[in-house]
Amino acid sequence: AMPLQASMEEDEAATPRPRQSAAQTARTCTLIFNSVLFLAMCTSACAKPKDFERLIFVANEEIDTQQETSIPGIEKLSAAQRRSTTVSQWYVQVQPEANARDIEKRVGVKLGHYIPNNAYVLASDKATAAKFSSDPAVVWVGNRPATHKVSPALLAQRKQQMDGFNSTAKRRKGSGLV
């Protein structure tokens, strides 16, 4: 039985294998490249996962407070910035276990409404926002964008009004009535 098995193996080894076509080789290389690329993307995504507690969800957006720069603490503001009375709106994100009321007592200012995750709106001057930034229980303070201050429904309504105004103005201009 051994000689028969040995001769079969010799026959298989002696039989030439069919060569891959150029298209098959290209598909194989593409498959290998895509697999390596996928693994690299997974590795980089897994290396620095987003910290869910550091995300603020507002206006159909996600603000990653680990990626965004916080305003400096009060000790780093210039004298002119400390004296400014211009009121802006800010997001103040606190540590998950922090008590917002305790922070308000330390800073001496009330925070506005809550926003997921662990964030509040603050209407104040920059110096007051910087005081919050200096508090050890606060993880991030950032400017609230103007697009977050107006309801999306109002923005859509305003766009419709402007579109209607622009089309009326074009018709008048074309008719020579303007």
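This is a short tour of a predicted model, stop by stop, with something to select at each one.

**The whole chain**

Start with everything shown as a cartoon. You should find six helices and six strands. Followed from the N terminus, the elements read α-α-β-β-α-β-α-β-β-α-β-α. Now switch on the surface: the accessible area is about 12900 Å², and carbon and sulfur atoms account for 58% of that. Of the 178 residues in the chain, 24% are buried. If you like contact maps, note that among contacts with a separation of 6 or more, 72% link residues 24 or more positions apart.

**Strand β3 and its partners**

Next, select residues 88–94, which make up strand β3. Is this strand enclosed or open? Five of its seven residues are buried, so the rest of the structure largely encloses β3.

Add residues 119–124, strand β5, to the selection; β5 runs antiparallel to β3, and six bridges join the two. To see one of these pairings, pick Trp-90, whose bridge partner in β5 is Leu-122. Then add residues 138–143, strand β6, which also pairs with β3 in the antiparallel sense, here over five bridges. Gln-93 is a handy residue to click, with Trp-140 as its bridge partner in β6.

**The loop between β4 and β5**

Move to the loop between β4 (114–115) and β5, where Asn-117 sits. Zoom in on the backbone: the peptide bond from Pro-116 to Asn-117 is cis, with omega near 0°. Step along to Asn-118, which lies in this loop between β4 and β5. Asn-118 is not a glycine, yet its phi is positive, at about 55°. Its relative accessible area is 13%, under the 20% cut-off, so Asn-118 counts as buried.

**Two aromatic pairs**

Show the aromatic side chains now; the count of ring pairs comes to two. One is Phe-52 with Phe-57, a tilted pair with 5.7 Å from centre to centre and 40° between the planes. Phe-57 is partly exposed, at 30% relative accessibility. The other joins Tyr-114 and Tyr-120: the ring centres are 5.4 Å apart and the planes meet at 75°, so this pair is edge-to-face. Colour these two tyrosines by accessibility, and you will see Tyr-114 as partly exposed at 44%, whereas Tyr-120 is buried at 13%.

**From Ala-59 across to Thr-147**

Select Ala-59, in the loop between β1 (55–58) and β2 (61–64). Here is another positive phi at a residue that is not a glycine, this time about 50°. Ala-59 is partly exposed, with 39% relative accessibility.

Now draw a C-alpha to C-alpha distance from Ala-59 to Thr-147: they are 88 residues apart in sequence but 8.1 Å apart in space. Thr-147 belongs to the loop between β6 and α6, and with a relative accessible area of 51% it is exposed. Which residues does Thr-147 contact, leaving aside its neighbours within four places in sequence? They are Glu-61 and Leu-155.

**A nonpolar patch**

Let Leu-155 lead you to the last stop. Together with Val-150 and Leu-154, Leu-155 makes a nonpolar surface patch of about 240 Å². Leu-154 is part of helix α6, residues 152–175. With a relative accessible area of 48%, Leu-154 is partly exposed.

Notes
Residues numbered from 1 in each chain as written. Predicted model: local features only at pLDDT ≥ 70, side-chain atom pairs only at ≥ 80, totals over all residues. Heavy atoms only, no water. Patch = residues over 30% accessible without salt bridge, like charges linked within 9 Å, V, L, I, M, F, W, Y side chains within 5 Å. Areas by Shrake-Rupley, 256 points an atom, 1.4 Å probe, with all protein chains shown as cover. Salt bridge = Lys/Arg side-chain N within 4 Å of Asp/Glu carboxyl O. Helix = DSSP H or I, 4+ residues; strand = E, 2+ residues; numbered from the N terminus. Buried < 20%, exposed > 50% of the residue type's maximum accessible area, 1.4 Å probe, protein only. Phe/Tyr/Trp six-rings, centres within 6.5 Å; stacked < 30°, edge-to-face > 60°. Contact = heavy atoms within 4.5 Å. Pairing = 2+ DSSP bridges.
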